[in-house]
Amino acid sequence: MERLDNVIQRYAWGSHTAIPMLLGQAPDGGPQAELWLGAHPSAPSKVRSGGTLEALIAHSPERLLGTASTRQFGPRLPFLLKVLAAGQPLSLQAHPSLMQAKAGFAREEAAGLSRSAPNRNYRDANHKPEIICALTDFQALCGFRAAEASVQLLKGLGLDTTLLESQDLRAYFQHVMSLPKEAQGGLVDQLVDAARSPVKGFEGECALALRLSALYPRDIGIVGALLLNLVTLKPGEALYLDAGNLHAYLEGTGVELMANSDNVLRGGLTPKHVDVPELLSVLDFAEGPAKVLRPSGEGEAVYSTPAPDFRLSRVEVKGPQVTLPARGAQLLLVVEGEVTTQGVALKRGDSVFIGADEGDVPLSGRGLVFRATAGIS
Ligand SMILES: [Zn+2]
């Protein structure tokens with residue numbers, strides 16, 4: 001077992017207080033958006049025994065990750081765990097499937113595009129399914145709502161919905177995303193003006209349009225945002241974002257677990273690169289309400305997802321010892337209380353890496369722990 005010191009990412013949208021509070025530190029006046037727990041090459045956790053978790057795993061992958069994991073995912077940790085603390089909305093985005101990522105990465109490599117180029121879409125050849133689990137009330141946009149409901153909202157805001165009614169979401173989305181910049185700005189201005197008198201039944205969506213427009217004036221992503229399900233997760237509830245799901249995290253603190261990838265295709269609400277044709281090629285236009293996940297199981301409650309790369313569970317320790325069965329390499333993060341494992345006391349904000357060779361993990365004390373392992377065992 002290795003205690004971890006994790007990297008804080010100071011993106012501008014980050015909350016100034018949530019991560020310092022979790023870590024028991026004083027806020028330092030700047031944003032602290034994400035805490036990265038894992039072995040990602042761009043920001044690996046440090047291990048207390050010296051060096052990084054990335055180097056530790058690279059030194060003995062078979063022993064620390066287990067045979068099944070190394071066989072399927074290679075000699076590296078297949079997942080990345082984060083605490084995400086959004087003070088402001090993140091960009092509207094989707095992630096590619098494994099096949100799309102492999103093809104896209106190969107294409108951009110062949111074109112000689114630098115991996116750090118701002119217009120690079122595929123920074124690696126991996127997919128990036130992700131799960132976000134709320135630690136506080138957590139607001140997000142996730143997947144397209146039923147088109148009829150979107151027609152009602154957009155009509156209420158005075159927008160022309162002919163294309164959405166006569167064809168489908170894809171045709172409408174493609175149309176607005178491909179309009180000239182000036183026309184997009186005009187459309188957004190019109191919509192935001194109208195949203196000052198909220199459409200009945202869509203008060204939250206109209207308030208969101210105003211909030212987004214204050215941050216990203218005339219950004220066409222605001223129209224995209226109004227086509228999506230607006231969801232507020234309660235602590236313990238989660239969303240699974242599979243390939244092609246258009247989403248944006250808006251506000252709140254959560255634990256996020258994802259495949260080890262950086263592949264993001266953006267659709268607006270960002271000053272960063274937006275590649276509309278590429279985004280359209282990966283988007284899933286399936287309609288319907290967002291599926292809110294709740295964990296199941298006594299002791300260790302698991303969030304069930306189809307992702308082979310990761311598995312997230314939530315463990316409430318209430319006095320008597322809880323034993324977590326061995327599941328290959330794992331990360332534990334304590335978010336409440338204090339728990340003890342292998343004689344080491346871990347308080348709120350503490351985290352550890354446990355290698356595949358260490359067997360079952362006993363936990364005692366009182367607290368709430370998140371556990372990240374690979375999806376395969
Ligand atoms: Zn995402």
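# Asking why: pockets, a zinc site and some loops

Me: Leaving aside its neighbours within four places in sequence, which residues is Pro-306 in contact with?

Reply: In this predicted model, Pro-306 is in contact with Tyr-240 and Asp-242, once neighbours within four places in sequence are left aside. Pro-306 itself is found in the loop between β14 (300-303) and β15 (311-324).

Me: Why is Pro-306 called exposed?

Reply: The relative accessible area of Pro-306 is 62%. A residue counts as exposed over 50%, so Pro-306 is exposed. As for distance, Pro-306 and Leu-226 are 80 residues apart in sequence and 28 Å apart in space, C-alpha to C-alpha.

Me: What makes the site of the zinc ion irregular?

Reply: The zinc ion is coordinated by Gln-93 (OE1), His-95 (NE2), Glu-130 (OE) and His-247 (NE2), at 2.1 to 2.4 Å. The angles among these four donor atoms run from 88 to 157 degrees. A tetrahedral site with four donors needs all angles between 85 and 135 degrees, and 157 degrees falls outside that range, so the site is not tetrahedral. The site is classed as irregular.

Me: How are the donor residues of the zinc ion spaced in sequence?

Reply: The spacing is Q-x1-H-x34-E-x116-H. Of these donors, both Gln-93 and His-95 are buried.

Me: Which residues lie nearest the centre of the largest pocket?

Reply: Trp-13, Ser-91, Gln-93, Arg-266 and Lys-272 lie nearest the centre, out of 38 residues in the lining. Gln-93 also coordinates the zinc ion, through OE1. The space in this pocket is about 800 Å³.

Me: What secondary structure elements supply at least two residues each to the lining of the largest pocket, and how do the lining residues divide by class?

Reply: β3 (34-37), β5 (79-86), β11 (247-259) and β12 (265-268) each supply at least two residues. By class, the lining has 16 nonpolar, eleven polar and eleven charged residues.

Me: What is the volume of the second largest pocket, and which residues are closest to its centre?

Reply: The volume of the second largest pocket is about 440 Å³. Among the 24 residues that line the second largest pocket, Arg-76, Asp-124, Asn-126, Asn-260 and Ser-261 are the closest to its centre. Both α2 (53-59) and α4 (67-73) supply at least two residues of the lining, and the largest share, three residues, comes from α2. The classes here are ten nonpolar, seven polar and seven charged.

Me: Is Asn-260 buried or exposed, and how do you know?

Reply: Asn-260 has a relative accessibility of 10%. Buried means under 20%, so Asn-260 counts as buried. The residue is found in the loop between β11 and β12. Leaving aside neighbours within four places in sequence, Asn-260 is in contact with His-40, Arg-76, Leu-77, Pro-78, Phe-79 and Asn-126.

Me: What makes the phi of Arg-218 worth a remark?

Reply: Most residues other than glycine have a negative phi. Arg-218 is not a glycine, yet has a positive phi of about 65 degrees. Arg-218 is found in the loop between α10 (203-215) and α11 (221-225). With a relative accessible area of 35%, Arg-218 lies between the limits of 20% and 50%, and is therefore partly exposed.

Me: What is the phi of Gln-342 near, and why is Gln-342 called partly exposed?

Reply: Phi of Gln-342 is near 45 degrees, a positive value in a residue other than glycine. Gln-342 is found in the loop between β16 (330-341) and β17 (344-347). Its relative accessibility is 39%. The value is neither under 20% nor over 50%, so Gln-342 counts as partly exposed.

Me: Why do Gly-50 and Glu-2 get the labels they have?

Reply: Gly-50 has a relative accessible area of 42%, which puts Gly-50 between 20% and 50% and so makes it partly exposed. Glu-2 has 17%; this is under 20%, so Glu-2 is buried. Gly-50 lies in the loop between β4 (46-47) and α2, while Glu-2 lies in strand β1 (residues 2-5). Gly-50 and Glu-2 are 48 residues apart in sequence and 9.8 Å apart in space, C-alpha to C-alpha.

Me: Which residues is Glu-2 in contact with, leaving aside its neighbours within four places in sequence?

Reply: Glu-2 is in contact with Val-47, Arg-48, Ser-49, Leu-56, Ser-351, Val-352 and Phe-353. Glu-2 and Leu-331 are 329 residues apart in sequence and 9.6 Å apart in space, C-alpha to C-alpha.

Notes:
Residues are numbered from 1 along each chain as its sequence is written. This is a predicted model: local features need pLDDT of at least 70, side-chain atom pairs count only at pLDDT 80 or more; totals for chains, interfaces and linings use all residues. Side-chain values use heavy atoms; hydrogens and water are left out. Donors are N, O and S atoms within 2.8 Å of the metal (3.2 Å for Na, K and Ca); water is not among the atoms, so sites may look incomplete. Four donors count as tetrahedral if all angles lie between 85 and 135 degrees; four count as square planar and six as octahedral if opposite donors are over 155 degrees apart and all others between 65 and 115; anything else is irregular. Buried means under 20% relative accessible area, exposed over 50%, partly exposed in between (1.4 Å probe, protein chains only). On a 1 Å grid over the protein atoms alone, a cavity is a set of points where a 1.4 Å probe fits but cannot get out, and a pocket is an open set with protein on both sides within 12 Å along at least five of seven lines; lining residues have an atom within 4 Å of a point. Grid points are joined across faces, edges and corners, and a volume is the space filled by probe spheres set on the points. Helices (H or I, at least four residues) and strands (E, at least two) are DSSP runs, numbered from the N terminus. Ala, Val, Leu, Ile, Met, Phe, Trp, Tyr, Cys and Pro count as nonpolar, Asp, Glu, Lys and Arg as charged, and the others, Gly among them, as polar. Contact means heavy atoms within 4.5 Å.
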